[in-house]
Protein chains: 2
Amino acid sequence: MARVGLTTERLVKAGAELADEVGFEQVTASELARRFDVKVASLYSHVKNTQDLKTRITLFALQELADRAADAIAGRAGKDALVAFANVYRDYEREHPGRAAAARMRLDPETAAASAGVRHAQMTRALLRGYDIAEPDATHAVRLLGSVFHGYASLESAGGFSHSAPDSEETWTRILDALDALLHNWPAPPTP
Amino acid sequence: MARVGLTTERLVKAGAELADEVGFEQVTASELARRFDVKVASLYSHVKNTQDLKTRITLFALQELADRAADAIAGRAGKDALVAFANVYRDYEREHPGRAAAARMRLDPETAAASAGVRHAQMTRALLRGYDIAEPDATHAVRLLGSVFHGYASLESAGGFSHSAPDSEETWTRILDALDALLHNWPAPPTP
DNA sequence: GCGTCTACCTAAAGCATTTAGGCAAATGGG
DNA sequence: CCCATTTGCCTAAATGCTTTAGGTAGACGC
């Protein structure tokens, strides 16, 4: 009865790797146990259930992504920061598709509020300091950027832009150009 | 042995309703059989397997959504068309969250190419006739709009914008204002 | 009314999830 | 160094979803 040294952390990490290999939806307690050469029931000492495992993978991915984003925008401003920030999401999707899918999983409100998701919003807001957008428009812009990054990654990973010209790479840079232009020229609210 | 009159179509329709009630991920052959008061195995004469069922629900949702979108943009142009088109996605998400989630499911390339997804792209491109954007920039713009609609619906349905000011409704109209402005002022490609 | 099709059935195997309870390996105090 | 406690991993078993194979009876054409 050799002890493998399971911990919640190791399970989550391995679960994230599994997600990258087989897809987040296909992450299963059985497969994870197989990889640790351990019986399935043993996982349940470290993780409440499969949903709990997936939630933890999501939180892990959000944190990893936030760390990368923080790194990317440090010391940059304006379009430079916008591009670096956006590319973090795009690169993460390519490097870790399973974790990226996990990061898009819906969390219940309390869990979400305690997640690194709030750091993402804060960093996006910080990005806007390079542009001249005051509240409450900054919030609208934050939400737009979130939607674009989220949506683009999702569509691209679903193969939405592949096998058709122009290639996805070019679209991405042109979208960032467009967003930069838009943020420089954010339309005033309609005067009621 | 009363015959209920199962058909693939009825199953897909009921599956879509089930998705709206319990979430697309929770659509299961067992539950569907329960609703028809039929044994699970009976479904397998009409549907290849659960994955096939889900794919069909996705195709159904994409088509329904495309029909609504076509209705919305008929006889409209410019910002008027943009807003009507975008609101179709937003309203669909609210009215049929399960089907909307289904519409975001990734399809394999051949299935996707034969789906109503291509109509969505065509209609989006038609929208751009109200603006002055030539190829290949039109494709970039189509992809941007797709990303925004897709991403916003997804984030909103995940509760990303709820319980925080300003409210999601206002953000949505301001985002549409911004997109309209952006399309009017689409930045030229960088001169190499 | 008969034959044929087919819609729905029963049966069974496979796999994932989850809980309950047990044994042995690690850990640390005497 | 040894024993006691903790705890990591086990076996066993129940439940539920998926899928296939083969049977039976209702619907429908002739």
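This report covers a predicted model of two protein chains and a DNA strand.

## Ground rules

Local features need pLDDT of at least 70, side-chain atom pairs count only at pLDDT 80 or more, and totals for chains, interfaces and linings use all residues. Residues are numbered from 1 along each chain as its sequence is written, chains are lettered from A and ligands numbered from 1 in written order, and side-chain values use heavy atoms, without hydrogens and water.

## Two copies

Chain B superposes on chain A after a rotation of 180 degrees with 0.0 Å of shift along the axis; the RMSD is 0.1 Å. The fit is by least squares on C-alpha atoms of residues with pLDDT of at least 70 in both copies. The copies are thus related as by a two-fold rotation axis. In chain B, the C-alpha of Gly151(B) is nearest that axis, at 1.9 Å.

## DNA strand C

Around DNA strand C there are 22 residues, each with a heavy atom within 4 Å of the strand. Thr50(A), Val4(B), Gly5(B), Lys39(B) and Ser42(B) are the closest. Of the strand's atoms within 4 Å of the protein, 70% belong to sugar or phosphate, and the rest to bases.

Three polar contacts (pairs of N or O atoms within 3.5 Å) come from chain A. The side chain of Thr28(A) has an N or O atom 2.9 Å from a sugar or linking oxygen. A polar side-chain atom of Arg34(A) is 3.0 Å from a phosphate oxygen. A polar backbone atom of Thr50(A) is 2.8 Å from a phosphate oxygen.

Methods. A polar contact is a pair of N or O atoms within 3.5 Å; within protein, one must be able to donate a hydrogen and the other to accept it, and residues adjacent in sequence count only if both atoms are side-chain atoms.
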